[in-house]
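Work through the exercises below with the sequence and the coordinates at hand, and try each task before reading its solution.

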Amino acid sequence: RHGLVESCNAYFSQLAMAMGPRPLIDAVSMFQIEVARPQSVDALRNTLPHAGYGQADVLASPIKMARVAAAIANDGVAVRPQWTVDAAHAQGDRFLATSDARRLASYMREAVTSGTGRAVAGNATPIAGKTGTAEVQGRPSHSWFVGFAPHGGSRRLAFAVLIEHAGYGGRAAAPVAGEIVDAARDLGLFTRK
């Protein structure tokens with residue numbers, strides 16, 4: 001919980017090393033996220049501590065990360081990306097157990113209320129999210145914020161904000177995510193909890 005809320009790279013590095021490369025490859029395969037080149041257990045062993053927190057050879061697009069956030073918001077079921085989702089007809093594949101998804105969702109909410117995503121803590125809609133700062137060799141880091149809103153609501157919007165070379169995720173990408181959530185609420189895509 002604390003590792004996610006505070007966005008602690010060392011925690012995720014140690015977790016990856018303790019679990020080994022296979023669980024990480026299995027977890028990201030549903031979302032077509034690359035964690036090694038080539039995408040194999042043997043190749044991942046070389047960069048596993050850094051891949052555990054999203055660095056090294058990890059390649060993920062905003063839509064792929066939004067799908068991860070959506071799966072957590074959807075009690076662990078990963079749906080295929082669509083511009084709008086009719087919840088009555090949405091089908092997906094089980095990514096996490098419901099209890100695990102709800103636990104992660106609460107940690108993501110805590111990351112906003114008291115962790116690295118505090119820039120959107122005061123938003124009128126409860127946001128759950130995770131900041132990220134992706135290092136780029138020889139350039140400023142990319143700023144990420146991935147999450148969903150409203151936390152605790154039945155109809156949710158998942159998002160992933162990536163701002164290239166903007167630095168720390170909590171400073172640059174999180175406020176943009178707050179603006180997206182505000183716009184979605186104003187358009188009636190969901191109601192405030």
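**Exercise 1.** In which strand does Ser143 lie? Determine also whether this residue is buried or exposed, and list its surroundings.

*Solution.* The model is a predicted one, in which local features need pLDDT of at least 70 and side-chain atom pairs count only at pLDDT 80 or more, while totals for chains, interfaces and linings use all residues. Residues are numbered from 1 along each chain as its sequence is written, and side-chain values use heavy atoms, with hydrogens and water left out.

Step 1: Ser143 lies in strand β4, where strands (E, at least two residues) and helices (H or I, at least four) are DSSP runs numbered from the N terminus.

Step 2: Ser143 has a relative accessible area of 0% and is therefore buried, a term that stands for under 20%, with exposed over 50% and partly exposed in between (1.4 Å probe, protein chains only).

Step 3: leaving out residues up to four places away in sequence, Ser143 touches, among others, Gly132, Val161, Ile163, Tyr168 and Ala173, a contact being heavy atoms within 4.5 Å.

Step 4: a polar atom of the Ser143 side chain lies 3.0 Å from the backbone nitrogen of Ala173.

**Exercise 2.** Establish the order of the strands in the sheet, and then describe its edges and its middle.

*Solution.* Step 1: the open sheet is formed by three strands in the order β3-β4-β5, with antiparallel pairing; two strands pair if DSSP finds at least two bridges between them.

Step 2: β3 (128-136) and β5 (157-163) each have a single partner strand and stand at the edges, so one side of each is left without a neighbour in the sheet.

Step 3: β3 and β4 pair over eight bridges, with Gly129 opposite Gly147, whereas β4 (residues 139-149) and β5 pair over seven, with Ser143 opposite Ile163 and Val146 bridged to Ala160.

Step 4: the hairpin of β3 and β4 has two residues between the strands, and Gly138 takes a positive phi near 75° there.

Step 5: nine of the eleven residues of β4 are buried, so this strand is largely enclosed by the rest of the structure.

Step 6: helix α8 (residues 173-186) lies across β4 and β5 and runs at about 145° to β5, where axes are lines fitted to C-alpha atoms, for helices over the stretch in contact, and angles run from 0 to 180 degrees between N-to-C directions.

**Exercise 3.** Which residues of α3 are buried, and how are they arranged about the helix axis?

*Solution.* Step 1: the buried residues of α3 are Pro21, Leu24, Ile25 and Val28.

Step 2: seen down the axis, these residues fall within an arc of 95°, so they line one face of the helix; the arc is that of the directions from the helix axis to the C-beta atoms.

Step 3: their cover includes α2 (9-19), α4 and α5.

**Exercise 4.** Which members of the largest nonpolar core touch the most other members?

*Solution.* Step 1: a nonpolar core is a set of buried Ala, Val, Leu, Ile, Met, Phe, Trp, Tyr and Cys residues joined through side-chain atoms within 4.5 Å.

Step 2: the largest one has 27 residues, of which Leu24, Val35, Leu44, Ile72 and Phe148 touch the most other members.

Step 3: α7 gives the most to this core, with five residues.

Step 4: apart from this core lies another, of 13 residues, including Val112, Ile127, Phe159 and Ala173.

How values were computed
Polar contact = N/O pair within 3.5 Å; in protein donor to acceptor, adjacent residues only side chain to side chain.
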